[in-house]
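Subject: Structure for you to look at

Dear colleague,

Here is the structure I promised to pass on, together with some notes on what turned up in it. Please open it alongside this message, as the notes are easier to follow with the residues in view.

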Amino acid sequence: MQLPSGRGKVNAWGENHLWLRYRKGSKLSGLVEPRISVALALRVSNLPAICLTEARETIPRRFTPRTDSNDLRKFVQWAKRQGKLTTEDANAAFRVFDKFDGLVTNELTKVPERLRELAQHPHLNVFPLSESMLERQVSIGAMDTSLKPYDMAVLAAILVRAEDLQQQGHSWVGFCELDSDLQPWDKNGVLKPILSDLYNASRIWVYRDFLVEDVDELPEVWFSSN
């Protein structure tokens, strides 16, 4: 993808973030690892298919209410009998519970459909794990990263995809990641040697949020060999 000269960025907002930015005299591609639904406003971004697979299981588990409304209904019924709530207040509470249950159930049943729509978005390139990505995952597994298998698979996919994009002429790749396990720094901002070296070797600039602020200076070695 050839981007125009100049400095700029295009943003998209959602629970996760797809983005694309460029700097003068270079080409750039964006990678994203969404866990929830995404708002798209870009030309093309790249997404490991394994992320959508994980989302189908993670979203319902994470957003299903921990407290059953039946427990709250029992409390309201008890409070009404004890004279602590009026009939009007109790009926209002029941209406809220009905709305809550209906909305949650309705939204969770839509998750598979929305993920299918996301996968078909014209600005999103969903790619499967290739043999080289699986091999990279095995290689990462031998390193002292303390990553879980899923995170190792995502990391391997991001690294290999970034290298493939560079073969196509992109100078560097940006990766927006909220998961602290895949960020190349700890909570104190100290670099994690293995992760930071892996990202740097694949010319991946990692963002800690979805703001995708301008990069003041990228490693010159990323461009000196071009």
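A good place to start is L159, which, once its neighbours within four places in sequence are set aside, is in contact with R136, I140, L198, Y199, S202 and I204. Please keep in mind throughout that this is a predicted model, and that what follows was computed from its coordinates.

L159 belongs to the largest nonpolar core, which holds 29 residues, and together with L155, Y199 and I204 it touches the most other members of that core. At least two residues of this core come from each of α1 (49-63), α4 (111-119), α6 (149-167), β8 (172-176), α7 (193-201) and β9 (204-207). Among these contributors α6 gives the most, with 9 residues. A further core lies apart from this one and has 6 residues, including W172, Y207, L218 and F223.

Three of the elements just named also belong together in another way, since β8, α7 and β9 make up a β-α-β unit that is right-handed. The two strands of the unit, β8 and β9, run parallel and are joined by 4 bridges; if you would like one position to look at, G174 has W205 in β9 as its bridge partner.

Turning to charged side chains, the count of salt bridges comes to 5, and I describe some of them here. Within helix α1, the side chains of R61 and E57 meet in a salt bridge at 2.8 Å, taken from N to O, and these two residues are 4 apart in that helix, about one turn. How exposed are the two partners? R61 counts as exposed because its relative accessibility is 53%, above the cut-off of 50%, whereas E57, with a relative accessible area of 43%, is partly exposed.

A second salt bridge brings together the side chains of R73 and D101, at 3.2 Å from N to O. This pair links distant parts of the chain, as R73 sits in helix α2 (residues 69-81) and D101 in helix α3 (residues 87-109), with their positions 28 residues apart in the numbering. R73 has a relative accessible area of 16% and is therefore buried, while D101, at 26%, is partly exposed.

A third example is the salt bridge in which the side chains of E107 and R114 meet, at 2.8 Å from N to O. Here both partners are partly exposed, E107 with a relative accessible area of 33% and R114 with one of 39%. Separately, R73, D98 and D101 are joined into one network by salt bridges that share partners.

Finally, there are the aromatic side chains, for which a search of the whole structure finds 3 pairs. One of them is formed by F94 and F97, whose arrangement is edge-to-face, with 6.4 Å from centre to centre and 65° between the planes. Because F94 and F97 are 3 residues apart in helix α3, about one helical turn separates them. Both count as buried, F94 at 18% relative accessibility and F97 at 13%.

With best wishes

Notes
Residues are numbered from 1 along each chain as its sequence is written. This is a predicted model: local features need pLDDT of at least 70, side-chain atom pairs count only at pLDDT 80 or more; totals for chains, interfaces and linings use all residues. Side-chain values use heavy atoms; hydrogens and water are left out. A nonpolar core is a set of buried Ala, Val, Leu, Ile, Met, Phe, Trp, Tyr and Cys residues joined through side-chain atoms within 4.5 Å. Buried means under 20% relative accessible area, exposed over 50%, partly exposed in between (1.4 Å probe, protein chains only). Contact means heavy atoms within 4.5 Å. Two strands pair if DSSP finds at least two bridges between them. A crossover is right-handed if, with the strands pointing away from the viewer, the path from the first strand over the helix to the second runs clockwise. A salt bridge is a side-chain nitrogen of Lys or Arg within 4 Å of a carboxyl oxygen of Asp or Glu. Rings of Phe, Tyr and Trp (its six-membered ring) pair if their centres lie within 6.5 Å; planes under 30 degrees apart count as stacked, over 60 as edge-to-face and the rest as tilted.
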